[in-house]
Amino acid sequence: MTFRQECNSALSMTSAELRQYTGSLRQLASVRALRLDDGPEGGQRASLMSTGSGLDMWVLPDRSMDIGPLSWQGMPLAWQHPNGFVPPSRHSPLQDAGTGIERVLSGFLVTCGYDSVRHSSTGAPLHGSHTLTPARITRQLEDWDHATPALICEGEWTCAHLSRNAYRVQRRIVAPVGGNGFSLQDRIENIGHASAPFDTLYHLNLGFPAVQGDMSLTIGSETLTLDALQDPLGSGHEPSVRCFSGAGAESLVTRFRRAAVDGWPALDMSLTSFCDELPWLQVWMDPRPGHRILALEPASSERNEQGGSRSPGRLAPGECKTLRLQVTFGSP
């Protein structure tokens, strides 16, 4: 069963029937290419995907096609950094003693890798060298003619060094029209002439108003307490990290639920990762005032006691890895 079929859809008419009621089907759902025009974010490209049923998100081609702002039925969910969405021209992963990513970690999704993630013992910067690599958009459209109409955004980018590692990444994001979620698929290829390290982690970042009140997080069959994030004043709690294994399962479903609070509606979010591709799920919580982040992080490797990766993989020349995520939203 495809993700288009799995994702709930509010459509009850065919596209031919809908055309009888609209001047343009884009008034119902669309993906539109825009360019930001002000402040430090000025000049960057954005692909605005709106499913017509309450899921709205920005795909940012100049930041590795990662997802910036994301809202579900009018409620913003993505955590945003005080610096906003820094462009690649103002980012170096090597600055600040290799912690440059802490100046740009912003939005619903930040992709980390591929030479390293976490703290590296090889001199690579925190979470790798390839964050915020500009992509070339290869296909972007509303596909109304499919049995399950969908918004599609596809692109590719290259991260290469003449004497070191070289990777080509192809990304495809699909959000069913009238649906409550999206799928992401990455194909990472070693285009160099020598074996290259391969480690990756997807940083999915939830912030206020999602992160507050009565919350629960279930990872497979295990429920994780979120007491530190439930404290509205952040009473001295420090960031914490835990890593969970999906070994032996086909997929790992992570479910975040939050009851209605202070006028904000209840939220139910599910993240599905596939264990033959991303066998680990890391959870990072930062409850400090001004932060209050809950990050769900499907990863290709386990976190070790030193805060690095245990047994990261490698790609032979010409070898490819395909990684997939599925995200859905609803009410408990």
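I take buried to mean under 20% relative accessible area, and by that cut-off leucine 132, with a relative accessible area of 4%, is buried. I note at the outset that this is a predicted model, and that whatever I write below is computed from it.

**Entry: the chain as a whole**

I began with the secondary structure, which comes to 4 helices and 22 strands. For overall dimensions I looked up the C-alpha trace, which spans about 60 × 50 × 45 Å along its principal axes. I then set the radius of gyration against the globule rule: for 332 residues a compact globule would have a value near 20 Å, and the chain, at 20 Å, agrees with that.

Turning to burial and contacts, I found that buried residues make up 54% of the 332 residues, and that, among contacts with a separation of 6 or more, 63% are between residues 24 or more positions apart. The chain exposes about 14,600 Å², of which carbon and sulfur atoms supply 48%. For the charges, I noted 28 positive and 34 negative ones, with mean positions 4 Å apart.

**Entry: the loop between strand 6 and strand 7**

I returned to leucine 132, which lies in the loop between strand 6 and strand 7. What made me stop there was its backbone, since leucine 132 has a positive phi of about 65° although it is not a glycine. Most residues other than glycine have a negative phi.

Threonine 131 has its place in the loop between strand 6 and strand 7, and at 5% relative accessibility it counts as buried. Which residues is threonine 131 in contact with, leaving aside its neighbours within four places in sequence? I listed Ser64, His91, Ile101, Val110, Thr111, Cys112 and Gly113. For valine 110 I also looked up the C-alpha separation from threonine 131, which is 7.5 Å for two residues 21 apart along the chain.

**Entry: cis peptide bonds**

Strand 6 covers residues 109–114 and includes tyrosine 114, and the bond that joins glycine 113 to tyrosine 114 is a cis peptide bond with omega of about -5°. I recorded another cis bond from phenylalanine 208 to proline 209, with omega near 10°; proline 209 is found in the loop between strand 11 (196–206) and strand 12 (215–219). As a reminder to myself, most peptide bonds are trans.

**Entry: salt bridges**

The structure holds 16 salt bridges, and I followed some of them individually. Glutamate 156 and arginine 136 meet through their side chains at 3.0 Å, N to O. Glutamate 156 lies in strand 8 (residues 150–160) and arginine 136 in strand 7 (residues 136–143), so the pair ties together parts that are 20 residues apart in sequence.

Arginine 242 and glutamate 222 form a salt bridge at 3.3 Å, N to O, and this pair links distant parts of the chain, with arginine 242 in strand 14 (residues 240–245) and glutamate 222 in strand 13 (residues 222–224), 20 residues apart. Are these two side chains' residues buried or partly exposed? Arginine 242 counts as partly exposed at 41% relative accessibility, and glutamate 222 as partly exposed at 37%.

The salt bridge of aspartate 286 with arginine 288 is at 2.8 Å, N to O. Here I noted that aspartate 286 is buried, with a relative accessible area of 1%, whereas arginine 288 counts as partly exposed at 31%. I closed this entry with a network of salt bridges that links Asp66, Arg171 and Asp186.

**Entry: two charged residues in loops**

Where is arginine 292? I located arginine 292 in the loop between strand 17 and strand 18 (293–299), where its phi is near 50°, a positive value in a residue other than glycine. Arginine 292 is buried, with a relative accessible area of 14%.

Glutamate 277 sits in the loop between strand 16 (267–274) and strand 17 (280–286), and glutamate 277 is buried, with a relative accessible area of 14%. Leaving aside neighbours within four places in sequence, I found glutamate 277 in contact with Ser300, Thr322, Leu323 and Arg324.

Key
Residues are numbered from 1 along each chain as its sequence is written. This is a predicted model: local features need pLDDT of at least 70, side-chain atom pairs count only at pLDDT 80 or more; totals for chains, interfaces and linings use all residues. Side-chain values use heavy atoms; hydrogens and water are left out. A salt bridge is a side-chain nitrogen of Lys or Arg within 4 Å of a carboxyl oxygen of Asp or Glu. Buried means under 20% relative accessible area, exposed over 50%, partly exposed in between (1.4 Å probe, protein chains only). The radius of gyration is taken over C-alpha atoms; the globule rule is 2.2 Å times the number of residues to the power 0.38. Contact means heavy atoms within 4.5 Å. Accessible areas come from the Shrake-Rupley method with a 1.4 Å probe; for residues, only the protein chains shown count as cover. Lys and Arg count as positive and Asp and Glu as negative; His and the chain ends are not counted. The place of a charge is taken as NZ of Lys, CZ of Arg, CG of Asp or CD of Glu.
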